[in-house]
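Here is my note on the structure, written for a newcomer. Please keep the sequence and the 3D view open while you read.

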Amino acid sequence: MILTVNGDQVEIPEAIETITELLQHFKLYDKVIIVEKNGEILEKAKHSESLISDKDSIELVHFVGGG
């Protein structure tokens, strides 16, 4: 499956079906992340039920602390 993630086209395994699984694939699940799918911001509670499809556009924004 081909997705656009943060502006870049990436190929992910077909077995990945949800936003939660996508975050686990990128090893981002334990981070505070804002997810936008096809222009719509998703609540974290909906990540496990939000299905992804070929050609979806995903934006992942996570916060980095520092000084």
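1. How many salt bridges does a search of the whole structure find? It finds one. This is a predicted model, so treat every value here as computed from it. The bridge links the side chains of Lys-55 and Asp-54, with 3.7 Å from N to O. That is within the 4 Å cut-off for a salt bridge. Side chains of opposite charge can pair when their charged atoms come close.

2. Look at how open the two partners are. Lys-55 has a relative accessible area of 60%. It is exposed, because the cut-off for exposed is over 50%. Asp-54 has a relative accessible area of 42%, so it counts as partly exposed.

3. Now take the strands, beginning with strand E1 (2–5). E1 pairs with strand E2 (residues 8–11) in the antiparallel sense, over four bridges. One partnership to find is Ile-2 with Glu-11 in E2. E1 and E2 form a hairpin, with two residues between them. Asn-6 sits in the turn and has a positive phi of about 50°.

4. E1 also pairs with strand E5 (57–62). Do E1 and E5 run parallel or antiparallel? They run parallel, and two bridges join them. Val-5 has Ile-58 as its bridge partner in E5.

5. E5 has a further pairing, with strand E3 (33–37). Here the sense is antiparallel, and there are five bridges. Ile-34 is matched with Val-61 in E5.

6. Next, the inside. The largest nonpolar core has 15 residues. Which of them touch the most other members? They are Leu-3, Val-35, Ile-52, Ile-58 and Leu-60. E1, helix H1 (19–25), E3 and E5 each supply at least two residues of this core. H1 gives the most, with three residues. In soluble globular proteins, nonpolar side chains tend to be buried together.

7. Leu-60 deserves a closer look. Set aside its neighbours within four places in sequence. Leu-60 is then in contact with Val-5, Asn-6, Leu-23, Phe-26, Leu-28, Ile-33, Ile-34 and Val-35. Asn-6 is the turn residue of the E1 and E2 hairpin. Val-35 is one of the core residues that touch the most other members.

8. Compare two loop residues. Both His-47 and Lys-46 lie in the loop between strand E4 (40–42) and E5. Is His-47 buried or exposed? At 4% relative accessibility it is buried, because the cut-off for buried is under 20%. Lys-46, at 42%, counts as partly exposed.

9. What does His-47 contact, leaving aside its neighbours within four places in sequence? The list is Thr-18, Ile-19, Thr-20, Leu-23, Val-35 and Leu-42. Ile-19 matters for Lys-46 too: their C-alpha atoms are separated by 8.5 Å. Along the chain, Lys-46 and Ile-19 are 27 residues apart.

10. Finish at the surface. Val-32, Ile-34, Ile-41, Val-61 and Phe-63 make a nonpolar surface patch of about 500 Å². Two of these, Ile-34 and Val-61, are the bridge partners from point 5. Val-32 is in the loop between H1 and E3. With a relative accessible area of 58%, Val-32 is exposed.

Key: Residues numbered from 1 in each chain as written. Predicted model: local features only at pLDDT ≥ 70, side-chain atom pairs only at ≥ 80, totals over all residues. Heavy atoms only, no water. Patch = residues over 30% accessible without salt bridge, like charges linked within 9 Å, V, L, I, M, F, W, Y side chains within 5 Å. Areas by Shrake-Rupley, 256 points an atom, 1.4 Å probe, with all protein chains shown as cover. Buried < 20%, exposed > 50% of the residue type's maximum accessible area, 1.4 Å probe, protein only. Contact = heavy atoms within 4.5 Å. Core = buried A, V, L, I, M, F, W, Y, C linked by side-chain atoms within 4.5 Å. Pairing = 2+ DSSP bridges.
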